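This report goes through one protein model and its surroundings, loop by loop and then as a whole. The sequence and structure are shown first.

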Amino acid sequence: MLPLLLLLLATARGQDPMRYTPTLSSLSLGGLTTTSTFVLDQPRCVFPDTLGDAVIWLVVAVPQGVYSFNSTLEPGSPGRAYQLFPDSTSAYMTLNTTLLNYPCPKTDGEITVLRVGSETSCQRDNTRPTCNGPLPGPGPYRVKFVAWNDSGPVAETSWSERITLKTAAPWNNIPTSDRGHSAAMIALTSILTILFATLLAGLVAMLVCWGSDACGGSSTFSKPEAVTVQRYNTHHVYDQAPARL
Ligand SMILES: *[C@@H]1O[C@H](CO)[C@@H](O)[C@H](O)[C@H]1NC(C)=O
Ligand SMILES: *[C@@H]1O[C@H](CO)[C@@H](O)[C@H](O)[C@H]1NC(C)=O
């Protein structure tokens, strides 16, 4: 009867953890998601004070791990180890802190966020299964907070929506295709430049030839004609001149 009453009381105060869905922080700190981290709002005013000094854990799961999630599997056990995620286990537990560290209400101006994936030192350290290590890929992931006391899990929130991280640009692909691209561009530009230069040279040569008689090849082509025309005109003029006179 008492737990039910407490539950009703907690619900009435808006502190039924199941009603809370973890969300990405709306604070614009910059880089709320990176390729291996994301920033959540701290679960403030989510768990009832009646849980005392219970420890709040963050569960990070792949979406298919949500349906098979067993909340009684102990944090730090192999089935919840960060280092085995996501290949050998579908969820890990990290960022443990006592409820006392999430005081309610939060004080104004306090930054109340959690960066998931920020700890690189324990990434491959199997003795630290609760490592808050970098997320192993873009996801998507779903998260929830679970409160534990010495007897086991005592409260939990709902699962978040799917959280998808930024995709790393495959950096050795871009320069390669860029290099291939620019190589082709350079080749094409060179060919076009050479073609254009050749055309221009030919044009200049032709102009020079037409402008002067210095061109041997051209003169044999144009001179006799000019001479013929000149002779014809001369002849014609001479022919007609006497007739007119
Ligand atoms: C979190 O849990 C680990 C393993 O159970 C423990 O060693 C560590 O002291 C805990 N950290 C906090 C802040 O409670
Ligand atoms: C754990 O929490 C539950 C529910 O609040 C409570 O009934 C139980 O006594 C607690 N156990 C310990 C060891 O604090």
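Arg-19 sits in the loop between α1 (2–12) and β1. The model is a predicted one. Arg-19 has a relative accessible area of 60%, so it counts as exposed. Its C-alpha atom is 6.7 Å from that of Thr-157, although 138 residues separate the two along the chain.

Ser-158 belongs to the loop between β6 (152–156) and α2 (174–211). Is Ser-158 buried or exposed? Its relative accessibility is 17%, and because buried means under 20%, Ser-158 counts as buried. The side chain of Ser-158 reaches the backbone oxygen of Met-18 at 2.5 Å. Leaving out residues up to four places away in sequence, Ser-158 touches Pro-17, Met-18, Tyr-20, Thr-21, Pro-22, Val-143 and Lys-144.

Ser-160 is also placed in the loop between β6 and α2. With a relative accessible area of 1%, Ser-160 is buried. Beyond its neighbours within four places in sequence, Ser-160 is in contact with Thr-21, Pro-22, Tyr-141, Arg-142 and Val-143.

The accessibility values for the loop residues discussed here are listed below.

| Residue | Relative accessible area | Class |
|---|---|---|
| Arg-19 | 60% | exposed |
| Cys-45 | 29% | partly exposed |
| Ser-158 | 17% | buried |
| Ser-160 | 1% | buried |

Backbone geometry comes next. Cys-45, in the loop between β1 and β2, has a phi near 55°, a positive value in a residue other than glycine. Leu-95 also has a positive phi, near 55°, and is not a glycine; Leu-95 is part of strand β3. A cis peptide bond with omega of about -5° joins Cys-104 and Pro-105, and Pro-105 lies in the loop between β3 (91–98) and β4. Gly-139 and Pro-140 are likewise joined by a cis peptide bond, with omega of about 5°. Pro-140 is found in the loop between β4 and β5.

Which residues have the most contacts inside the largest nonpolar core? They are Phe-38, Leu-40, Phe-47, Val-60, Val-116, Leu-135 and Phe-145, in a core of 28 residues. The elements giving two or more residues to this core are β1 (38–41), β2 (55–61), β4 (113–116) and β5 (142–149). Not counting residues up to four places away in sequence, Leu-40 touches residues including Leu-24, Leu-58, Val-116, Phe-145 and Ile-163. Apart from the largest core lies another core, of 10 residues, among them Ala-61, Phe-69, Ala-91 and Trp-148.

Ligand 2 is surrounded by Leu-51, Asn-149, Asp-150, Ser-151 and Val-154. This shell divides into 2 nonpolar, 2 polar and 1 charged residues. A polar side-chain atom of Ser-151 is 2.7 Å from a nitrogen atom of ligand 2. Taken alone, ligand 2 exposes 360 Å², of which the protein buries 38%.

As for the whole chain, the protein contains 3 helices and 6 strands. Along the sequence they follow the pattern α-β-β-β-β-β-β-α-α. Of its 245 residues, 31% count as buried. Among contacts with a separation of 6 or more, 69% are between residues 24 or more positions apart. The protein exposes about 15700 Å², and carbon and sulfur atoms supply 61% of that area.

Terms used: Residues are numbered from 1 along each chain as its sequence is written. Chains are lettered from A and ligands numbered from 1 in the order in which they are written. This is a predicted model: local features need pLDDT of at least 70, side-chain atom pairs count only at pLDDT 80 or more; totals for chains, interfaces and linings use all residues. Side-chain values use heavy atoms; hydrogens and water are left out. A residue is near a molecule or strand if one of its heavy atoms lies within 4 Å of it. A polar contact is a pair of N or O atoms within 3.5 Å; within protein, one must be able to donate a hydrogen and the other to accept it, and residues adjacent in sequence count only if both atoms are side-chain atoms. Accessible areas come from the Shrake-Rupley method with a 1.4 Å probe; for residues, only the protein chains shown count as cover. Ala, Val, Leu, Ile, Met, Phe, Trp, Tyr, Cys and Pro count as nonpolar, Asp, Glu, Lys and Arg as charged, and the others, Gly among them, as polar. A nonpolar core is a set of buried Ala, Val, Leu, Ile, Met, Phe, Trp, Tyr and Cys residues joined through side-chain atoms within 4.5 Å. Buried means under 20% relative accessible area, exposed over 50%, partly exposed in between (1.4 Å probe, protein chains only). Helices (H or I, at least four residues) and strands (E, at least two) are DSSP runs, numbered from the N terminus. Contact means heavy atoms within 4.5 Å.
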